[in-house]
Every structure is written in structure tokens, then in C-alpha cells.
Amino acid sequence: MPASPSTARAINDRLALRLLQQEGPLTAGQLKQLTGLSRPSVADLVERLAAAGLIDVVGESGEQRRGPNAKLYGIVADQAHLAALDVRTEGVSVVVSDLLGGVLAEASVPIGGDTGTGPAVEQAVALVERAAKEAGVPGLHTVGIGAPGLIDPATGELRDSGGLPAWHRRLVLALQERLPETRVHVENETNLAALAEQRDGVAQDRDTFVLLWLGHGTGAAVVLEGTLRRGVSGGTGEIGFLPVPGTAGLPSAVDCEGGFHSLAGSAAIVALAERHGLTVETQGYEPPAASAVRDAVASAATGAGAGAATAAQAGGVTAAGASAATDFLDALADRLAVGVAAVVAVLDPGCLVLAGEVGQAGGADLAARVERRVRRMSPLPTEVRASALGGGAVLRGALLTARERAQDELFAPLHRRGGSA
């Protein structure tokens, strides 16, 4: 059955708005070319969207000829304002943006492990309110939250799981109570990192891949044929619980010690570095393992470039230090390959991204070491890539999710938003 006129207009409106989102400001002529609509249909569409306050003239094109087609139309960025939160065990980071993702304010606050649930929640909520005030935003349309733990697929709520601070779950409820006009959405942090890497990072050319998060803890996100897979209980990618050889025991339903986490979590990587004689220095709030891996990659590269005889004069790295760094990276790659090979055997994703602060610190060097080992362990060809976004991927993914949800609502057919059809 052909679409009704109102349905056809709604489809065209959404198409035009998506193009303006993806391509930036466009002329009516460019919209005509990209949508395939007639000139009168585009003129009606532009008038409709402008009347609804969704688009406006933002400039003129470089065309010599003056006229309606020379006007550049763009989405009104101030139509809505968004916030994204990255909720970690040790603190919270927030970004406030306009509807197009332009950052207006950024802030973070550390929250110590001895902070009570109530005070921790208050610190986090106050951080969001301060950031919005700093950005000059009268209200937030949508807040996207990235948090560790399981997200209930039925309710979209952060589930109460062992090992995570109680304030994580309370934070979502507190934001909804304090910002009653704001839509609050929560998603697993690793899933958000995968969305960010697919949109803006190293997986832009992949519709199937797995992201392995290496930060304070471990996690994985699975994207198959362009779709993020969450599983029946929201637990797809809880790789920290994966039983692996080389640990002292087995994980339990409430504790991932003995699982892959015991090999690849930050504390385990730091212990491995120290066993190889490396000194680990903590830098800011990043996982100590990231510093250890970053320094080891630099030392190994300097030693390899200088040669054994001259390594002592190259950046202060001795031949013994370069050798220890190389041995540590090889041992770490052995550990990571165990988890990666298990994922590859089950999913055959063809591409795996080493993400998080540790994955980014290891860069192409660590990714290549892991890839070589997986190639020896599995007949399934798998490219291993280093994250381009690192620890910032969660915040980026939360902002992308908030923007998409806000635009889905704002770009709904005008008759559903109270406008004319």
C-alpha cells in the first residue's frame, strides 16, 4: 500500500534531518539531490522544519548565483541540550553538549571508596548540575550514562550486581528525581565504547567486531552485522568471568577473581610488570596498568631502535631495561591472547579492538603481539587493532547515545510533536 501524504512527509522530514546531521549544513538544492525529492517537495519540507524550529538558515553556499538554493540550512543546535556521564568506581566525568554534539562544558570529580552512598550520589548529581550551569544551559533534554555492570534489557535499568558501589545504581534514580523533565538512559560502559569506536574510532569500516575493554577491570562488547548484542540478561561480554588457564581458581557468580579478570585486570597487569622488574608509577586517575604498558612500549621501541650496544645512550633506556619491557609485553600478550582466542572461537568476528586506557597505551605494538599469538592459536583470521579513543570512548559513546535518543524524539513526525502534519 502506498504511504499516506502525512506518512510520506514524515519520512521525508526524518531523511532530511538525518542528512543535515551527517553532512552538516546543506542547500535546498543539495537536499534535492541527496533525497531525490522534487524541488517543490524540498521547499515544503524546508518550510515545515523551519516552522517547527528544527532547522534555520546558517549561512550561504559558495555558489555565485543568489537565490533560495544558495541558503545553507542546518539543524538548530540549541533546540536541546544533552549530558553524558562516565561513571567509574573511582569517580564521575560529565560532558554537556548541544544537539549536534558540540561540547559546552566538561567536568569530573573523584569519589573515594570510603565515601558513603548518599554523599557519593550527591557529588555526582551536583557535578551534572554545575556543568549544565557552566554551559549556560537552562535544562537538559537527555542524559546518557555509561556505567559498569549489567543493564536489564527489559527495563533499561542498571542491575544490582556484586562488586560495584551502591551509589552507581542510586545515581540513575537520583538524576531522574532531580531532573524530572530530563530523559535519563543508562548503558554498559563497554557497549558505549564499542559504539564510539564504530562511529568515530578504529572500527568505522566494520559492521562485525568485538571490543575488549582493558582498564581497571575487563569487559567486552559484541557488534554483529551492525547491531550491538546485549544477551538475554544484558550480560554479553562479561569476559571477566571467563574461566581461563593460569589462574589460582575459578570465578563465582558474584566474583570474577579466577576468571579472565585475574589475568588482564589492572592489578594483575601491574603485578606482572613488577615481576619483570618494571617500576609502575600511577598517573592521575588512569589505571596503573596503563602507565606500565605505555612505559614498556616506549622502552621496547627505544631499545629495538638503538640496538643492544647503544641502548644505554638512547633515552636513558638500558639494554636490560628494553629486554625486560619486551618480555613483559610478550607475557601480557600471551595472557590477552587466551581471552581473545576464546572470543574468536565462539564468534569469529574477524576484528578485535583492544580498548580502554590499557589498550590505547599498548597501541599498535601490543595489538600486533596479540594478533600474532591468536593467529597461532586459531584458524580463524582475526585482525587486532588498538583503540583510537582509549578511556574517552565511554564518554563519547554516552554522548552519541544521548544525541541519537534526543534526535529520535525531536525528529519524530511533526503531528506527534504537536506541530502540523
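Two strands count as paired here if DSSP finds at least two bridges between them. In this predicted model, strand β11 (residues 351-355) and strand β12 (residues 383-386) meet that condition with 4 bridges, and the two pair in the parallel sense. Within this pairing, Val353 stands opposite Arg385 of β12. Helix α11 (residues 356-377) belongs with these two strands: β11, α11 and β12 make a right-handed β-α-β unit.

An open sheet is formed by 5 strands, in the order β5-β4-β3-β6-β7, and its pairing is mixed. The edges are held by β5 (103-110) and β7 (183-188); each has a single partner strand, so one side of each is left without a neighbour in the sheet. From one strand to the next, the twist averages 15°. In general, strands of a sheet pair through backbone hydrogen bonds, either parallel or antiparallel. Strand β6 (residues 142-147) and β7 run parallel and are joined by 6 bridges. One residue pair in this contact is Ala147 with its bridge partner Asn188 in β7.

Asn188 also appears in the lining of the second largest cavity, together with Ile151, Glu187, Asn191, Arg230 and Gly234. A search of the whole structure finds 2 cavities of 30 Å³ or more, and the second largest of them holds about 30 Å³ of space. By class, its lining consists of 1 nonpolar, 3 polar and 2 charged residues.

The pockets come next. The second largest pocket has a volume of about 360 Å³. Its lining comprises 21 residues, and those nearest its centre are His185, Val186, Glu187, Arg230 and Arg405. Two or more lining residues come from each of β6, α5 (166-178), β7, α6 and α12 (393-410). Glu187 and Arg230 are thus named both here and in the lining of the second largest cavity. The lining of the second largest pocket divides into 8 nonpolar, 6 polar and 7 charged residues.

The largest pocket has a volume of about 860 Å³. It is lined by 34 residues, of which Pro148, Leu164, Thr218, Glu238 and Cys256 are the closest to its centre. The elements that give two or more residues to this lining are α6 (189-200) and β9 (218-224). Sorted by class, the lining of the largest pocket has 10 nonpolar, 18 polar and 6 charged residues. Helix α6 gives two or more residues to the lining of the largest pocket, and α6 is also listed for the second largest pocket.

Key:
Residues are numbered from 1 along each chain as its sequence is written. This is a predicted model: local features need pLDDT of at least 70, side-chain atom pairs count only at pLDDT 80 or more; totals for chains, interfaces and linings use all residues. Side-chain values use heavy atoms; hydrogens and water are left out. On a 1 Å grid over the protein atoms alone, a cavity is a set of points where a 1.4 Å probe fits but cannot get out, and a pocket is an open set with protein on both sides within 12 Å along at least five of seven lines; lining residues have an atom within 4 Å of a point. Grid points are joined across faces, edges and corners, and a volume is the space filled by probe spheres set on the points. Ala, Val, Leu, Ile, Met, Phe, Trp, Tyr, Cys and Pro count as nonpolar, Asp, Glu, Lys and Arg as charged, and the others, Gly among them, as polar. A crossover is right-handed if, with the strands pointing away from the viewer, the path from the first strand over the helix to the second runs clockwise. Axes are lines fitted to C-alpha atoms, for helices over the stretch in contact, and angles run from 0 to 180 degrees between N-to-C directions.
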